[in-house]
Amino acid sequence: MRPPSILSGEDVRTEEREPPPQERQAAHKWLKEDALGRYSKLRGVGFELYLSKLAEEKIRNHAVKNADTKREVMGLMLGGIYTFNGRRYAMVRDVATTDLEASSVHVRFHRESFEKLFDSLDGTGFDYVIVGWYHSHPGHKCFMSSTDIVTQQTLFDLPLHNALVIDPISREIEVYYLDQGTIRARDFAVYWDEYENPYHGTTVRRRMLRSDPNSMAPAH
Ligand SMILES: [Zn+2]
């Protein structure tokens, strides 16, 4: 099975595009205090990775849902690679996943898992770029295991390819990438689109509209 050509490197489509404005960016909810300084600094300069609130919540929900049974989860991060003022960055808009075989102790992510995912993506017709993958380490903390590094080297060897690792028990999220063979950590921001309400969980009360405008009672 042939992985999507985007993963091979040369034909990554980049578009000139302004990153999300600062007022539509936030640190992810599990950012540790000692990383706040780095986050604030990059906020002014620009991140190399922006994760949509939707993608972030899907990843978190996926990992949290399987935290009790300590099953690892994984999926692909879909979005695009862009440039702005000579800087390149990746945006993750959504994620995709499939049924997973996971044990309670450890899960190795075989190529077959990815192939199944790629197959399911092939049929969508959706214009996407795979900008990385995510998986969970329930209770094991965030790091790149030797298996994870092989996966990264095999499938996601571009510097803008991201490996997000989430530990739903320790409440940690880290992103890693390959820099000429070396695994490095990458700070990222969560963003939301203009029309999205970032205050999820709060409700906006709407006044009922009456069918007869003449019977409209004064507001109070
Ligand atoms: Zn891992």
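Which atoms are the protein donors of the zinc ion? Select the zinc ion and display the side chains around it: the donors are His135 (NE2), His137 (NE2), Asp148 (OD) and Asp148 (OD). They lie 2.0 to 2.7 Å from the ion. Bear in mind throughout that this is a predicted model.

**The zinc site**

Stay on the ion and look at the angles. The 4 donor atoms subtend 54 to 163° around the zinc ion, so the arrangement is irregular. Four donors would count as tetrahedral only if all angles lay between 85 and 135 degrees. Along the chain the donors follow the spacing H-x1-H-x10-D. His137 and Asp148 link distant parts of the chain, 11 residues apart: His137 sits in the loop between strand S6 (129-136) and helix H4 (146-155), whereas Asp148 belongs to helix H4.

Are these two residues buried or exposed? His137 has a relative accessible area of 3%, which makes it buried. Asp148 is also at 3% relative accessibility and therefore counts as buried.

**Helix H4**

Select H4 next and colour its buried residues: Asp148, Thr151, Gln152 and Leu155. They cover an arc of only 100° around the axis, so they are on the same side of H4. The zinc donor Asp148 is one of this group.

**Strand S6 and Ile130**

Now move to S6 and pick Ile130, which is found in that strand. With a relative accessible area of 1%, Ile130 is buried. Add Val92 to the selection: its C-alpha atom and that of Ile130 are separated by 8.6 Å, although the two residues are 38 residues apart along the chain.

**The nonpolar cores**

Which residues touch the most other members of the largest nonpolar core? Select Met77 and Leu164; the core they belong to has 22 residues. At least two residues of this core come from each of strand S3 (49-52), helix H2 (53-65), strand S4 (74-84), strand S5 (87-96), S6, strand S7 (162-167) and strand S8 (172-179). Another core, of 17 residues, lies apart from it; select Leu76, Phe118, Tyr128 and Cys142, which are among its members. In soluble globular proteins, nonpolar side chains tend to be buried together.

**Two positive phi angles**

Turn to the backbone of two loops. Most residues other than glycine have a negative phi. Arg171, in the loop between S7 and S8, has a positive phi of about 55° although it is not a glycine. Continue to Gln180, found in the loop between S8 and strand S9 (182-186). The phi of Gln180 is near 45°, again a positive value in a residue other than glycine. Gln180 has a relative accessible area of 81%, so it is exposed.

**The whole chain**

Finally, zoom out and show the protein chain as a cartoon. How many helices and strands does its secondary structure come to? There are 4 helices and 10 strands, and from the N terminus on the elements run β-β-α-β-α-β-β-α-β-α-β-β-β-β.

Switch to a contact view. Among contacts in the protein chain with a separation of 6 or more, 72% are accounted for by residues 24 or more positions apart. Then colour by accessibility: of the 220 residues, 43% count as buried. Last, display the surface, where the protein chain exposes about 12900 Å². Carbon and sulfur atoms supply 49% of that area.

Notes. Residues are numbered from 1 along each chain as its sequence is written. This is a predicted model: local features need pLDDT of at least 70, side-chain atom pairs count only at pLDDT 80 or more; totals for chains, interfaces and linings use all residues. Side-chain values use heavy atoms; hydrogens and water are left out. Donors are N, O and S atoms within 2.8 Å of the metal (3.2 Å for Na, K and Ca); water is not among the atoms, so sites may look incomplete. Four donors count as tetrahedral if all angles lie between 85 and 135 degrees; four count as square planar and six as octahedral if opposite donors are over 155 degrees apart and all others between 65 and 115; anything else is irregular. Buried means under 20% relative accessible area, exposed over 50%, partly exposed in between (1.4 Å probe, protein chains only). The arc is that of the directions from the helix axis to the C-beta atoms. A nonpolar core is a set of buried Ala, Val, Leu, Ile, Met, Phe, Trp, Tyr and Cys residues joined through side-chain atoms within 4.5 Å. Contact means heavy atoms within 4.5 Å. Accessible areas come from the Shrake-Rupley method with a 1.4 Å probe; for residues, only the protein chains shown count as cover.
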